[in-house]
Amino acid sequence: MEKSLINLTINNIPVSVEDGSTILDAAHRINMHIPTLCYHPDLRVAGNCRVCVVELSGQKELVTACSTAVTEGMVVSTNSPKVRTARKTIVELLLSEHNADCTKCYRNGNCELQWLASEYRIGDHVYHDLVKEEEKLPDTSSSSIVKDDSKCVRCQRCVRTCTDMQGVGTFSVVSKGKKQKVSTFFGKSLKDVFCIDCGQCTSRCPTAALTEKPLYEEVWDALAEPQKHVVISATPSVRVAIGQELGFEYNKHSDAKIVAALKLLGFDTVVDSGYFNDIYIMELCTEFMLRMKQDNEEKNKKVLPFITSCSQGWVSFVRTLFPENEPLLSTCKSPGLIYGALIKTYYADKKALDSKDIITVSVTPCTAAKNETANGSSQGAAEVDYALTTRELVRMIRQSGIDIERLEPDVYDTLMSMHSGASVLTEVSGGTTEAVIRTLSELVTGNELSPEWLKINSLRGENGIKETTIKFTEVRAGWEFLKDKEIRFAVVNGSGNAAKFFNDLKENEHECHFVEVMVCHGGCIGGGGQPIPVSNELIKARSSVLYALDEVASVKKAHENVALNTVYREFLSKAEHQETQKILHY
Amino acid sequence: MELQSQKRIELIFSDYTSSKYKTLERTLERTPDDIISELMDSGLKGRGNVGFPTGMKWKFARREVSDTKYVICNANESETGTFKDREILERVPRKVLSGMAVCGYCIGAKKGIIYLRHEYGYMKEHILKELGIFHEHVRQFNFDFTIELFMGSGSYVSGEESALIESMEGYRAEPCNKPPFPVSRGLYGCPTVVNNVETFATAQVIFRIGAEEFLKLGTAYSAGSKLFSISGDTRNPGIHELELGTTIEDVVNEFGDKNIKSVQVGGASGYCIPQRLFAETVIGFEGLTTGGSMIFFNNTRSMYKLLHEYLRFFAEESCGLCTPCRVGTQQLLLGIEAVKKGEKPVTYIEVLKKLALNMKTSAKCGLGQSVANPFISILENFKEEILY
């Protein structure tokens, strides 16, 4: 049904918008800027901060533009004296309860409160400083996220992100009045409460109340040590996104220039993470095939659906909320860990380096990856030394003073950088499934994949749960049990949809064979470590860049990546390297 | 006993002992539209604090199309100095239950809920017993309407209707963005009428005596009578039913001690009326709207301490959701302390006044918006006491 149009005026400018739109929507329509703080396009409207107040003709009280629906004939003023003084007062009040030591702040320069303060020229702090000294001690217990209450503006974006979007609920509002704050369960430290480290809160916090735990200073130190051989891999999601902050648009030359930049930063070797994604796809696909075989042979044992585990944070989500599904998780390590492991073994061998001298750095859009590093958490493995987020890499490039666009293109290290189009897909929600289907069908049937399966639309897009079914009419020997069987694939896009999906699976005994879960909406491309601001719109735009990269790739399937043959033949399948299991699996 | 200058009204508490829900039975024989139009004719406005026309509210809820609707009786009486709802529920609960039932009948709700203030927990048994009797009667009238009791958790802001609903749904008691108002989207998203205890009781009175009789009381803008909770420096504290439209002067003469220098009308969120304005201040919707709290202060009382106490109360009872209220209440409190101690110049009061006025225009709900009422009215009338 088409919605009727509502006519109103904003600052005397007429505007028509669909019924149900808010004043803020209408203002956007005519490019009229209304400042906001608790509003975020991805989140449910709150109307807490009151920064977006506007005046309606004939009404004494101001209303919030973010939450007020337009009505016919409404006369809105966004810049009346009443609005300006209210807005300025609100910003002053927010600053009075904020640790406004901006020069020391991690978000200095990219802080929505700072912008508001600057926009409204808040000079003298007229009000009492309400920040308590004890609040100035941030919670640094988590390996991925730092929580600093003295920077909190109580906008509750983190609460809405964590609860509504991610389905986790690490944060909630406690107490009232002057004691009201955003807290973890009973105020425990972050490492002691249920948190999947996805970092979605850090990319939606308007200030520095929630940030990633930075490790780039340590990386600078490693780069400064002459005897260390420092290797870096930056995922396609990172490469596609850094231009947002560094001021360039990603194009076909960007990757080569980013390689040049990384080398200028001092990295000895730059590898393309796609190579490791391909190995991951091979391992994942093989494990899935073996799982289906096991399901066929041991009928009374529940081994399906096979659930991916590469999205960091997902394992802790399952362990806490759906422990009965833990045995169904894939044992494959994430591509990031495979990278670290192979660099310190195969690569070290090939380059005649002592693995002790190698430092592995991975740059991903993921804050949870920090959990799996040697220098991140106590349980971290030694494969990856430092996991940086996209934002931290941007900071390093900024600090180095490099202008990426002016650099001469450079090339990846040739040993471990070749990759397929499928490897890029693993960074978007549904892409891992598409990549697996490409390899699975050729391994099972022995025939070339029909081209229409190179783009599975039902697995793409923003939906929370995406599904597809495939059927093989011809199969190779040994896989007869899969002939004409409907193999069902499901994709859970964002952990916020996981509870619904798994409850539904349990209650309806809905048959499903393969489940891909990405805790971040959109997949890695929408990771919590991506440049701020984030929005679903940006994620969509970046995803389309990744899909395009797959389309132009000459090799589209992981198993057709010939470089993998070398590593499997020379290293992973050799008797003396029966470590494969340990390198590639948990 | 002294001579009474004020006409005392006996509507809410009268004609009760014999009540066998006769009025309810009679009212249910009429059509909903007929009932609502009588209520509108009567000019009854909400007896909580806001004063929204009751008939209109019911009419809006009736108009909504929904299988489920709710009637909620707001008994979270927590405005400072009000204790009339407690008295009504203790003495004439059947009037309230009847009012709720008629509301349910008019709007098409099958369920009513009494949201009882946590501190009134001692009344629980009494109300449950009354609910038992009520349910027996409505069954006999072949009317499908049940009422439940819901215990609040002791927060001031729960008196705000949307916060009250949030709290009933199991969330934090925090006000919602309006519109939509509860009449269209209330409890569990269903159309809901939330009325004060006294409003339901008064509605029942109107159904008994008729709108015409009710209109003989009060003024053109403020029909009828209302209960006042009188406390402070008075020789006659307690609940008194008075006609609307009387002046503060009349009330002070009737109830106040000697040397009353001010009356706080409407509790912490209400206004301070100084002696020089007693004669010209009318209690009613054309003058001062009030939930009924009247606190008298004689000239031995410190207005600074009073304001300080109110601000301390607000800084604690603000839900903390919106900036103006959460931070503003704290700043006002610290501000008057600092001026008093000489840590801030006297001119800082002007900054605070501006702040209070901004809270009035930009806070999310009535709580934050009303902090300016006591702040500015006490400050303007007793400036010296606050500053020095």
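**Helix packing and domain arrangement in a predicted two-chain model**

The buried residues of α11(B) are covered by elements that include β9 (293–298), α12, α15 (372–381) and α16 (383–387) of chain B. The model described here is predicted. In α11(B), the buried positions are Met303(B), Leu306(B), Leu307(B), Tyr310(B), Leu311(B), Phe313(B), Phe314(B), Ala315(B) and Glu317(B). An α-helix has 3.6 residues a turn, so residues three or four places apart point the same way. For the 15 residues of α11(B), a rise of 1.5 Å a residue predicts a span of 21 Å, and the end C-alpha atoms are indeed 21 Å apart, so expectation and model agree.

The contact between the two chains draws 29 residues from chain A and 27 residues from chain B. On the side of chain B that touches chain A, α11 (303–317), α12 (323–341) and α13 (348–362) each contribute at least two residues. The largest share of that side, eight residues, belongs to α12(B). Sorted by class, the side of chain B that touches chain A comprises 10 nonpolar, 12 polar and five charged residues.

Within this contact, helix α2 (residues 81–96) of chain A meets α13(B), their axes coming within 10 Å and crossing at roughly 105 degrees. Because angles of 65 to 115 degrees count as roughly perpendicular, α2(A) and α13(B) are classed as roughly perpendicular to each other. The residues that α2(A) brings to the pairing are Lys82(A), Thr85(A), Ala86(A), Thr89(A) and Ile90(A), and those from α13(B) are Leu355(B), Asn358(B), Thr361(B) and Ser362(B). This helix pair is made up of three nonpolar, five polar and one charged residue.

The 16 residues of α2(A) should span 22 Å at 1.5 Å a residue, which agrees with the 22 Å between its end C-alpha atoms. Its buried residues are Val83(A), Ala86(A), Arg87(A), Thr89(A), Ile90(A), Val91(A), Glu92(A), Leu93(A), Leu94(A), Leu95(A) and Ser96(A). The cover over the buried residues of α2(A) comes from both chains, including β3 (53–56), β5 (74–77) and α3 (112–119) of chain A as well as α12 and α13 of chain B. Ala86(A), Thr89(A) and Ile90(A) are thus among the buried residues of α2(A) and also among those that meet α13(B).

At the level of domains, chain B is assigned domain 1 (22–211), domain 2 (225–298) and domain 3 (303–387). The C-alpha centres of domain 1 and domain 3 of chain B are 33 Å apart, and seven residues of domain 1 of chain B are in contact with seven residues of domain 3 of chain B. On the domain 1 side of this contact, five residues are nonpolar, two are charged and no residue is polar.

Chain A is assigned domain 1 (5–79), domain 2 (103–111 + 127–212), domain 3 (216–276 + 335–417 + 565–577) and domain 4 (285–331 + 419–528). Over C-alpha atoms, the centres of domain 1 and domain 4 of chain A are separated by 43 Å.

Two individual positions in chain A were also examined. Gly247(A) is located in the loop between α7 (236–246) and α8 (254–265) of chain A. It is exposed because it has 10 C-beta neighbours inside 10 Å, where 12 or fewer is the criterion. Its C-alpha atom lies 9.3 Å from that of Glu405(A), 158 residues apart along the chain. Leu572(A), in helix α17 (residues 562–572) of chain A, has 22 C-beta neighbours inside 10 Å and therefore counts as buried. The C-alpha atoms of Leu572(A) and Glu516(A) are 26 Å apart, with their positions 56 residues apart along the chain.

How values were computed
Residues numbered from 1 in each chain as written. Chains lettered and ligands numbered in written order. Predicted model: local features only at pLDDT ≥ 70, side-chain atom pairs only at ≥ 80, totals over all residues. Helix = DSSP H or I, 4+ residues; strand = E, 2+ residues; numbered from the N terminus. Nonpolar A, V, L, I, M, F, W, Y, C, P; charged D, E, K, R; others polar. Domains from an automatic or database assignment. Buried ≥ 20, exposed ≤ 12 C-beta atoms within 10 Å, placed from the backbone. Axes fitted to C-alpha atoms, helices over the stretch in contact; angles between N-to-C directions. Parallel < 35°, antiparallel > 145°, perpendicular 65-115°, else oblique. Expected span 1.5 Å × (residues − 1).
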